[in-house]
Amino acid sequence: MAKIDFRLNGVPVSIETQLNRRLLDVLHEDFDLIGIKEGCGEGECGACAVLFDHEIINSCSVPIANCANKDIVTIEGFSNTSRYKILKDAFEEEGAVQCGFCTPGMMIAAESLLNKNPKPTTEEIKIGLSGNLCRCTGYNMIIKAIQRAAKVGEGKW
Amino acid sequence: MVKQILPKNLSEVLELISKEKYRFCAGGTDMLIQNHNLKTLPIDFKDNIIYTFNLEELKGITEDEDFITIGASESLESILENKITPQILKDTILQMASPAIRHSGTIGGNIGNASPAGDLLVPLYLLNAIVQLQSLKGIRSVLLSDFITHVRRIDLRDDEIITKIIISKINFDKHQFVKVGPRLSDAISKLSFLGAVSFHEDKVIDLRFSFGAVNITVVRRPEIEAQYIYKTKEELKNSVDELLEKYSEYIRPIDDQRSNKEYRKTVALNLLRNFIEEL
Amino acid sequence: MKDIRESILKTDGDEKISGQAKYVADIRMANMQHAITKRSTIACGEIKNISYPELPEGYFIVDHRDVPGLNVVKIIFDDMPVFTEKAITYLHEPILLVVGPNKEKVKEIVNNIQIEYIEKEATFEWKNSAVQYHFDKGLGKSIFENADKIIEYDYETGYQEQAYIEPQGFIGYLEGKDKVTLIGSIQCPYYVKNAVIQVLNATEENVRVIQPSVGGAFGGKEEFPSLMACQLACAVKKVKKPIQLIYEREEDMLVTTKRHPARIRFSAALNKEREILGFKIYCAIDAGANIGLSGVVLSRALIAGTGAYTIDNLDCSGDVFITNTVPNGAFRGFGAPQMYFAVEMFMEHIALDLGIDSLAFRRKYLAKQNDLTSTSGTFRDPIIMNEMIEKGMEISDYKKKRIEYSKEKSTKGIGMSFFFHGCGFTGSGEATHIKAKVRLKKDKDNTVYILVAAVDMGQGIRTTLRKVVAQILEIPIDNVIFDFPDTDKVPDSGPTVASRTMMIVGGLIGRAAKEMKKRWTETEFIVEKIYEQPEYIKYNDETFRGDAYPAYSWGVNIVEVDVNPVTYQPKILNTWSVYDIGKSIDDRIVLGQADGGLTQGIAYGYLEVMNHVKGVIKQKNMTDYIIPTAMDTGNMETVIYENPYAFGPYGAKGVGELTLVGGAPAVVYAIEQAINKRIHKIPATPEYILEMMNDGKNRL
């Protein structure tokens with residue numbers, strides 16, 4: 001057991017835990033953050049994506065040991081922001097949500113992408129989403145949603 | 001119970017490994033999957049573990065006149081985004097994995113993992129990368145191609161840790177990295193190819209090829225490359241069949257769940273031919 | 001009033017985007033126990049002996065001895081045991097559950113159970129036929145006696161994994177003393193309930209099934225969840241505590257049902273004028289270790305045997321083969337994707353052999369209104385395929401590209417597939433087996449409740465059904481409630497399968513709403529509707545004669561590819577689709593189905609590889625089983641045509657499956673043109689393309 005301090009959704013937290021637990025399990029089980037989904041458990045699907053020092057990572061592939069003093073933001077934390085609202089509206093208006101299991105991860109991927117590149121081309125959006133699998137939508141409407149968000153939210157990113 | 005250490009600094013690590021055997025977990029992208037447990041349960045590590053991702057001494061990307069030095073725990077993304085990273089390395093990283101994996105996967109982890117399908121190894125072999133290893137006894141530098149001895153086997157003593165990767169600063173007139181995966185992104189390679197060439201007054205002055213996932217480790221044959229130095233571009237193009245034949249011997253892929261050996265071999269040689277023909 | 005097709009925001013968008021929608025793994029209960037399945041390590045044989053480690057207090061083994069009722073899962077053909085007693089018929093067959101409070105300990109117990117087997121030689125050849133079907137149309141095979149020329153080709157299709165992003169899972173607990181409640185990632189609450197009743201020998205009141213949010217299904221959560229639910233129900237009865245049985249991705253991929261691999265032989269009898277006189281069609285599918293619903297899959301495949309074409313004389317037959325491999329089952333399209341690939345390629349290959357323009361040839365045989373179907377029923381409604389094809393060619397610039405890409409140096413190709421999908425259950429299933437029942441309830445405060453067992457697994461039924469009711473009643477959609485189905489609260493409106501939900505369930509709900517509107521002044525009441533087959537629909541399940549479906553949706557898919565000449569990798573550039581779905585209930589939702597279905601269908605044709613070696617599935621995780629990422633999709637454009645069906649709500653027909661079934665032939669047509677070789681097998685991977693480049697028959 002060890003003590004790990006980090007920021008979670010803007011709040012400093014501290015837990016006593018085994019270092020070899022996945023960040024995914026710590027967030028989902030200990031903090032009851034259900035917006036993090038486990039789809040594949042091996043870093044392929046992106047359903048468990050969170051922001052780790054503002055960049056997207058798969059929480060299933062990160063040991064909690066690596067999170068000491070890091071800034072972790074999950075969909076729950078992100079959903080308090082104005083950028084979330086822009087993305088959420090765009091996802092709804094473009095029909096980017098079907099079963100919803102990949103959606104929080106897609107939102108994190110979109111935020112991570114726009115954070116670095118506020119005016120992405122279609123190809124850049126595709127690259128930005130390339131680690132997030134969706135089996136329902138064929139991605140078309142998710143890509144359109146991000147294009148819409150980039151336009152509506154110009155200056156926000 | 002295995003021991004798990006979250007070290008404060010490198011000297012703590014060197015102390016620990018001088019006394020007892022540990023394995024290292026850097027970004028965790030491979031280690032967590034290789035030792036995956038049932039979901040919600042802690043990772044099922046079989047050996048003592050030291051977590052090295054956040055060690056300050058293993059971070060940093062610096063340059064001097066001739067070399068670029070990359071800390072072993074630098075993530076692929078930070079290497080990609082650093083302006084001193086050679087384009088040839090950036091081109092490879094751009095085609096590797098997904099943004100999320102690039103943010104947590106590290107260069108040291110990739111080398112330590114020594115997967116025959118590790119894309120990053122392909123440009124590192126081509127750039128004659130040197131792996132710097134540290135122990136209480138001192139620093140040892142090994143050529144990457146010597147450091148990786150077999151599939152997932154490396155020349156790392158129990159009291160050593162990979163600290164830095166050093167590559168020469170070099171630009172080629174033309175280089176091309178091609179990752180052939182089962183889909184266009186986010187997938188383990190079926191094979192990969194990197195070719196690089198420089199000319200001086202129409203004569204070849206530098207020519208290098210490396211191939212991933214077609215043998216137990218990356219295929220690089222400097223002795224073949226050397227045979228074409230000082231040839232003209234035309235002569236090089238005319239000897240493409242001969243060149244393919246020479247490499248053919250070393251392209252010895254396997255059948256697996258991702259592809260088969262016929263495909264891997266044919267496409268590896270096609271890529272080599274295509275690179276030469278398009279010069 | 002607004003046209004119903006005008007899109008509205010989905011009613012569950014907010015909860016899903018914010019991550020607050022609860023899927024089964026997100027549900028917490030006090031004192032939750034964990035169950036892990038112990039599975040066979042051989043593909044064929046018998047259990048000789050099982051030795052158990054000593055169980056700590058609070059840990060349980062649940063096996064066939066704990067099944068109070070019948071040890072068989074009610075599917076369609078009931079031949080799958082809940083827990084095998086002795087016989088092992090496939091690798092990873094479930095033998096028992098270990099249940100306990102600490103998952104690590106449960107895992108350790110599972111690992112320490114030693115099972116001795118008497119191993120027998122497993123069968124992987126397709127030789128043990130469990131179901132045989134045969135039917136004729138017109139003169140049947142005797143037409144071949146008059147043939148001037150006979151053309152015959154074989155086609156082969158592989159496995160496809162549903163690859164829903166949420167793995168399968170259930171939570172079960174006891175309510176009171178006897179009642180077992182199950183919450184699971186499912187498509188068919190009443191399939192699960194009825195299966196559990198039979199296994200527990202329970203009364204209706206003592207089994208309850210509830211649906212949480214479902215993270216994708218695509219047929220994969222049609223019948224398989226019944227097996228898990230039956231096992232878990234027995235465990236809940238024994239352990240008397242809440243239990244979680246949620247699969248890891250790898251377990252899910254190794255043991256759950258997949259699309260049936262198929263081998264299909266087509267023969268055409270042609271006359272001197274190079275016209276088709278008749279077809280002989282033979283289709284074999286691999287069921288895996290159990291029949292389950294494979295017979296129904298085969299029948300849908302055979303009925304789709306002539307594709308979108310009318311062929312006057314047919315001899316159709318098929319076998320369901322049993323092998324010692326993981327059982328196969330439902331997957332969006334249900335037998336049709338295999339057959340559409342084969343028939344579309346066959347039509348093309350006939351035209352190539354005859355040296356005639358294949359598009360003109362195919363269009364000549366397109367089905368028209370009042371033509372006889374493959375089962376000698378009638379296409380009663382108008383068929384507007386010609387208009388749809390013209391539209392597709394116009395928006396894709398098809399003719400020009402087709403000519404341009406036939407130049408020798410071109411690495412590109414463009415292909416177009418024609419297809420239909422029979423909406424709802426095959427044959428008399430809807431009328432005789434399902435007998436869907438729906439209720440609409442009006443409350444004192446004018447709130448209206450939709451009471452049906454239809455599951456929203458992403459296709460948007462929680463939005464579209466509410467929309468239908470709100471529009472008919474002319475009330476705000478917020479006044480229409482559609483909660484997650486709970487079998488204690490909703491009647492059996494049938495499973496969420498076969499593209500039937502909007503057409504059948506929505507049709508009934510629409511009729512109930514119309515009645516409710518007439519009685520709107522009454523304060524509190526319920527309207528109930530039960531499915532009645534339109535009288536003109538007659539079908540004989542034994543002879544395969546009559547109207548196999550009440551209605552048909554139609555489609556055209558066009559796919560443009562570029563095949564890399566160095567690596568043989570196809571890249572999807574653009575896709576265009578034109579669909580006749582009767583009436584769109586919400587354009588954006590339909591377009592979402594169209595994008596997603598086509599992406600799965602195209603990937604089935606060229607990308608998704610799954611195979612087994614001696615019963616061992618080689619692609620057992622999302623790293624090795626490759627589904628498309630955003631990078632693998634092209635630009636998509638879809639046009640929806642209206643052609644209302646009298647019994648669907650506002651004229652709506654089926655959508656979900658239609659959008660998948662034409663993808664594979666369209667992409668393969670395009671790849672054939674790009675590489676100038678003929679393709680007889682999907683997926684057309686780069687490895688297969690290389691093989692064709694070396695040894696394959698030239699297309700032209």
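## A tour of chains A, B and C

Start where chain C meets chain A: 29 residue pairs are in polar contact across this interface, counting pairs with both residues at pLDDT 80 or more. Keep in mind as you click around that this is a predicted model.

**Stop 1: chain C against chain A**

Select helix H1 (13-17) and helix H14 (587-606) of chain C, the elements that each give two or more residues to the side touching chain A. Which of them gives the largest share? That's H14(C), with eight residues. Now colour that side of chain C by residue class, and you'll have 21 nonpolar, 19 polar and twelve charged residues.

Next, show everything in contact here: 52 residues of chain C and 43 residues of chain A. Together the two chains bury about 3,900 Å², with carbon and sulfur atoms giving 56% of it. To see who loses the most area on the chain C side, pick Ile17(C), Arg28(C) and Ile165(C), which together make up 19% of what that side buries.

How many salt bridges cross the interface of chain C and chain A? The rule finds five. For an example, show the side chains of Lys88(A) and Asp14(C), a salt bridge whose closest N and O atoms are 3.0 Å apart.

**Stop 2: a sheet in chain C**

Stay on chain C and switch to a cartoon view. Look for an open sheet of three strands, in the order E4-E2-E6, with antiparallel pairing. Select strand E4 (87-88) and strand E6 (114-119): they stand at the edges, and each has a single partner strand, so one side of each has no neighbour in the sheet.

Now add strand E2, residues 45-51, which runs antiparallel to E4(C) and is joined to it by two bridges. Zoom in on Gly45(C), and you'll find its bridge partner in E4(C), Ile88(C). As a reminder of how this works, strands of a sheet pair through backbone hydrogen bonds.

**Stop 3: two domains of chain B**

Hop over to chain B and give its two domains separate colours: residues 4-168 for domain 1 and 174-277 for domain 2. Their centres, taken over C-alpha atoms, are 25 Å apart. Where they touch, domain 1 of chain B brings 20 residues and domain 2 brings 21.

The area buried between these domains is about 1,900 Å², and 61% of it comes from carbon and sulfur atoms. Select Gln95(B), Val122(B) and Leu126(B) next: they supply 33% of the area that domain 1 buries against domain 2, more than any other three residues.

What about polar links? Twelve residue pairs are in polar contact between the two domains, with both residues at pLDDT 80 or more. On the domain 1 side, highlight helix H4 (87-95), helix H7 (121-126) and strand E8 (148-150) of chain B, each of which supplies at least two residues that touch domain 2. By class, this side has twelve nonpolar, six polar and two charged residues.

The rule finds one salt bridge across this domain interface. Show Asp119(B) and Lys179(B), whose side chains meet in a salt bridge at 2.6 Å, N to O.

**Stop 4: a link between loops**

Salt bridges turn up elsewhere too, with 88 found over all chains in the whole structure. For the last selection, pick Lys137(B) and Asp159(B), a salt bridge with its closest N and O atoms 3.2 Å apart. Lys137(B) is in the loop between strands E6 (130-135) and E7 (138-143) of chain B, while Asp159(B) is in the loop between strands E9 (153-154) and E10 (161-168), so the pair ties together parts that are 22 residues apart in sequence.

Terms used
Residues numbered from 1 in each chain as written. Chains lettered and ligands numbered in written order. Predicted model: local features only at pLDDT ≥ 70, side-chain atom pairs only at ≥ 80, totals over all residues. Heavy atoms only, no water. Domains from an automatic or database assignment. Contact = heavy atoms within 4.5 Å. Buried area = accessible area lost by both parts, 1.4 Å probe. Salt bridge = Lys/Arg side-chain N within 4 Å of Asp/Glu carboxyl O. Polar contact = N/O pair within 3.5 Å; in protein donor to acceptor, adjacent residues only side chain to side chain. Helix = DSSP H or I, 4+ residues; strand = E, 2+ residues; numbered from the N terminus. Nonpolar A, V, L, I, M, F, W, Y, C, P; charged D, E, K, R; others polar. Pairing = 2+ DSSP bridges.
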